[in-house]
Each structure stands twice: as structure tokens, then as C-alpha cells.
Amino acid sequence: MATYNPVQNKTGKTFERTLTYDLYTDPKVYQQEMQDIFSKTWQLAGHVSQVEKAGQFFTTDIAGEPIIITRGRDEVIRAFYNVCPHRATKLEKSEAGSKKIFQCGYHGWTFHLDGKLNKAPNFTGEDAHCVSDRCLRSVRMEIMESLIFVNLNDNCKPLLETYGDLFDRLKKFPFLGELKRINQKTRIIKANWKAFIDNYLECDHCHVAHPSFVATLDMKNYQIITCNNYSVQASMVKPDKVMGTTNLNDAEMQGGEFYWLWPNLMVTIYPGPGNMATIEMIPIDHETTLGVYTYYFRDENLSQEEKDLVAFAEQVRQEDVELVELEQIGFRSRAFNQGIYSSSEKAIVQFHEMVLEALGR
Ligand code: FES
Ligand SMILES: [Fe+2]
């Protein structure tokens with residue numbers, strides 16, 4: 001097995017080594033990550049435009065837990081485990097809809113949109129009071145820039161505290177609150193979830209792998225800034241390549257900003273008409289990941305500029321998927337057990353340190 005020794009340049013700077021590759025191929029590591037990372041961190045559940053009106057709901061899955069998000073008659077958005085308190089049956093089967101009341105398909109218990117029990121038909125008369133406090137179990141939920149986050153750890157730090165000044169940074173994009181969730185694409189990626197995060201956190205590969213990206217953005221002034229529990233990469237668009245030149249305000253002209261939020265969420269804002277995209281890397285097993293790509297614009301009838309932007313982003317994403325799938329083949333090989341970071345890969349160093357800390361290594 002070949003490993004890197006720490007390498008120094010002439011100024012004495014040491015280049016650090018990456019995570020060992022068993023962390024990308026070992027099913028036990030995946031299981032520990034589900035426990036120690038995904039069940040304890042803020043995970044994107046959806047967007048407020050999915051529950052615009054009272055009665056609307058959607059269901060999702062967070063670290064293997066069925067979750068339901070509802071907007072009550074009091075207009076409050078709430079998150080619950082989508083599990084019946086009677087005998088554990090998954091309560092709501094559909095992905096989204098609008099209801100006045102939820103009914104469990106097993107023994108017919110019904111629940112209000114705020115999670116309180118309405119009726120338990122098999123507990124009547126004298127028995128009814130024994131179950132009257134059996135509500136749906138709530139989950140920690142917070143909303144940031146219209147994105148709905150859920151954390152399975154009841155004692156977690158608030159979202160604002162977790163990501164520090166991220167929300168101040170996002171204030172320069174005043175259009176974020178006006179956006180709606182327009183469409184979503186998923187990809188099954190044959191690679192460990194961390195391989196895609198690594199790929200996102202550096203742009204050394206952009207010149208080789210993303211010709212359309214480097215043709216559009218000013219790569220000479222590409223910045224990577226690591227912050228508390230998140231990092232951001234930023235670049236201005238080349239003056240002759242501004243996408244969507246009509247009626248744009250300054251914030252919309254500023255260029256691309258690509259955020260990563262510990263552990264597995266990426267938020268991208270491209271130059272051009274008010275837009276945002278989120279990418280979630282959801283591990284399916286140690287070597288398979290569900291990539292969820294969601295696009296947000298002001299209106300569901302996309303202009304040509306907006307359609308072009310989605311096509312541009314999708315092309316870059318497909319190029320990245322092919323790279324990480326090739327990388328996963330090498331992770332399994334006996335050729336090497338570790339890689340090395342370049343000096344422009346410091347955002348990966350931050351990510352890897354956080355992984356090692358979360359796994360107690
Ligand atoms: S399991 Fe839901 S009503 Fe019995
Ligand atoms: Fe890439």
C-alpha cells in the first residue's frame with residue numbers, strides 16, 4: 001500500500017493528506033455517519049412554497065426517518081415524525097397535498113394539522129382519556145431564506161448559531177425570499193456522498209472538467225472562503241458573458257456564489273435573473289448517493305434565460321458526477337490509501353476535519 005509522506009515546498013509549507021480512502025468504502029463508516037452526522041445536523045427538508053396555504057403538507061425522509069411538514073389553520077409551519085402514535089404506522093403516504101385532517105390507514109386515528117389527536121376510534125368512553133395526549137411527535141425545524149430545515153437532534157444548536165454569519169452574507173441577495181421551488185431533479189450517483197462534497201469544495205478541476213464554467217466566470221479572481229460550519233466560493237461573471245442582461249439589479253449582477261453548509265447541503269446562486277439552486281447529497285449506502293438538485297426562481301414559467309441557466313448548471317453537475325464515479329473506483333483500489341490537498345483545496349481540509357471530529361477519529 002503506497003501512502004504519501006508529508007511533502008514540503010521550498011518555503012517549508014506542508015501539504016496535508018486527505019481522509020483515508022476506507023472512509024469512502026467502508027459500510028461501517030456509513031452507519032456511523034448516519035448516527036453521528038446525519039441524525040445530528042440541520043438537514044434541508046423543503047421550501048415554504050411547498051406549504052403556501054393552510055392545510056398543505058409534504059412528506060420527506062431525513063436520515064432514514066419519515067417526516068411530515070404541515071401548515072396549520074393558524075398558518076404556522078410545523079414538522080413531525082410521520083409516524084402514528086398508536087402503533088407506529090407511517091401516517092401520511094402521499095408525497096404532498098392538502099388536507100383538513102390526517103387519518104392513519106391502520107385503525108383510523110385522526111390528527112389535526114398541528115399534530116394534536118382528533119379521534120382514536122378504538123379508545124372510546126372511559127378509555128378515551130388514556131390516549132388524549134397522544135400527539136404526533138414534533139421535530140426541530142427552522143426556516144432560513146424560505147428553506148425549511150429539520151434536525152433530528154432535539155438538543156441541537158439553533159440554525160442561526162450553527163451557521164454564524166451565513167445569513168448576513170445572503171442578505172446581499174434580497175430576491176431570495178421571493179423565489180419559489182420550481183423543479184427538482186435527482187440522480188443516483190455511484191460514489192460515496194463525501195466524494196461529491198470534496199468535488200464541490202474545490203475548483204482546481206474546473207479548467208479540466210468544466211469548459212463552459214471557466215468560459216463564463218472569471219477564474220483569475222476565484223475565491224474560496226472557509227467560515228464557521230460553512231464555506232463559500234465566489235467569482236464574478238466575465239463582463240461579456242452576463243447571463244440575462246435585462247432588468248437586473250446590482251445584486252443579481254454580482255456573479256456566482258457557491259455555498260457549502262455542513263455536512264451535505266450546497267446552495268448556489270448564479271449570475272443572471274434571481275435564482276437559487278440547492279444540491280443535497282443523501283447517502284443511500286457507503287458507495288451510493290442520492291443527489292437532489294432543486295431549482296428556485298420567481299415564477300414557474302421560466303424565461304429562456306432561466307432555462308439556459310438550468311441547462312448550464314445541469315451540464316456542470318453531470319460532468320462532476322462522472323468524475324466522482326471514477327474516483328470511487330480508485331477509492332476501492334489497493335493502489336493508494338490516501339490523497340493530497342493542493343493549497344487551493346482548503347475548503348476540503350475544513351470538511352475533512354469536521355468529518356473526523358464528528359466520527360471521533
Ligand atoms: S397504527 Fe395508526 S391508528 Fe393504529
Ligand atoms: Fe465541478
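How much space lies in the largest pocket of this structure? About 720 Å³ of space lies there, and since the model you have open is a predicted one, please read that value, like the others on this tour, as computed from the predicted coordinates.

**The two domains**

Begin by colouring the chain according to its domain assignment, which gives domain 1 as residues 7–41 together with 175–358, and domain 2 as residues 43–151. With both ranges coloured, turn the view until you can see the two parts side by side; their C-alpha centres lie 33 Å apart, and the contact takes 18 residues from domain 1 and 14 residues from domain 2. The two domains bury about 1,300 Å² between them, with 57% of that area on carbon and sulfur atoms. Next, select Thr 41, Leu 176 and Arg 181, which supply 29% of the area that domain 1 buries against domain 2, more than any other three residues.

**The largest pocket**

Keep the domain colours on and select Ala 45, Thr 59, Thr 60, Asp 61 and Gln 184, which lie nearest the centre of the largest pocket among the 34 residues that line this pocket. Why does the largest pocket lie between domain 1 and domain 2? Both domains give residues to its lining, so the pocket lies between them. To follow the wall of the pocket, show helix H1 (27–38) and then the strands E3 (43–47), E4 (56–62), E5 (65–71), E13 (180–189), E18 (276–285) and E19 (288–297), which are the elements that give two or more residues to the lining. Strand E4 deserves a separate colour here, as the largest share of the lining, five residues, comes from E4. If you then colour the lining by class, you will find 15 nonpolar, 13 polar and six charged residues.

**The second largest pocket**

Now select Tyr 21, Glu 202, Glu 327, Phe 331 and Glu 345, which lie nearest the centre of the second largest pocket, a pocket lined by 25 residues and with a volume of about 500 Å³. The elements that give two or more residues to this lining are H4, H8 and helix H9 (346–358), and among them H8 gives the most, with five residues. Divided by class, the lining of the second largest pocket has 13 nonpolar, eight polar and four charged residues.

**The enclosed spaces**

How many cavities of 30 Å³ or more does a search of the whole structure find? The search finds four, and about 200 Å³ of space lies in the largest cavity. To look into that cavity, select Tyr 200, Phe 213, Tyr 270, Val 316 and Asp 320, which are the closest to its centre of the 18 residues that line the largest cavity. Helix H4 (193–200) and helix H8 (304–332) are the elements that give two or more residues to its lining, and by class the lining has 10 nonpolar, five polar and three charged residues.

**A hairpin and two details of the backbone**

Move next to strand E14 (residues 223–227) and strand E15 (residues 230–235), which run antiparallel and are joined by five bridges. Select Cys 227 and you will find it opposite Tyr 230 in E15; then look at the turn of this hairpin, where two residues lie between the strands and Asn 229 takes a positive phi near 65°.

Most residues other than glycine have a negative phi, and most peptide bonds are trans. With this in mind, select Glu 75, in the loop between E5 and strand E6 (77–81), where the residue, although not a glycine, has a positive phi of about 70°. For the last stop, select Trp 262 and Pro 263, which are joined by a cis peptide bond with omega of about 0°; Pro 263 has its place in the loop between strand E16 (256–261) and strand E17 (265–269).

Key:
Residues numbered from 1 in each chain as written. Chains lettered and ligands numbered in written order. Predicted model: local features only at pLDDT ≥ 70, side-chain atom pairs only at ≥ 80, totals over all residues. Heavy atoms only, no water. 1 Å grid on protein atoms, 1.4 Å probe; cavity = no way out; pocket = protein on both sides within 12 Å on 5 of 7 lines; lining within 4 Å. Points joined across faces, edges and corners; volume = space filled by probe spheres on them. Helix = DSSP H or I, 4+ residues; strand = E, 2+ residues; numbered from the N terminus. Nonpolar A, V, L, I, M, F, W, Y, C, P; charged D, E, K, R; others polar. Domains from an automatic or database assignment. Pairing = 2+ DSSP bridges. Contact = heavy atoms within 4.5 Å. Buried area = accessible area lost by both parts, 1.4 Å probe.
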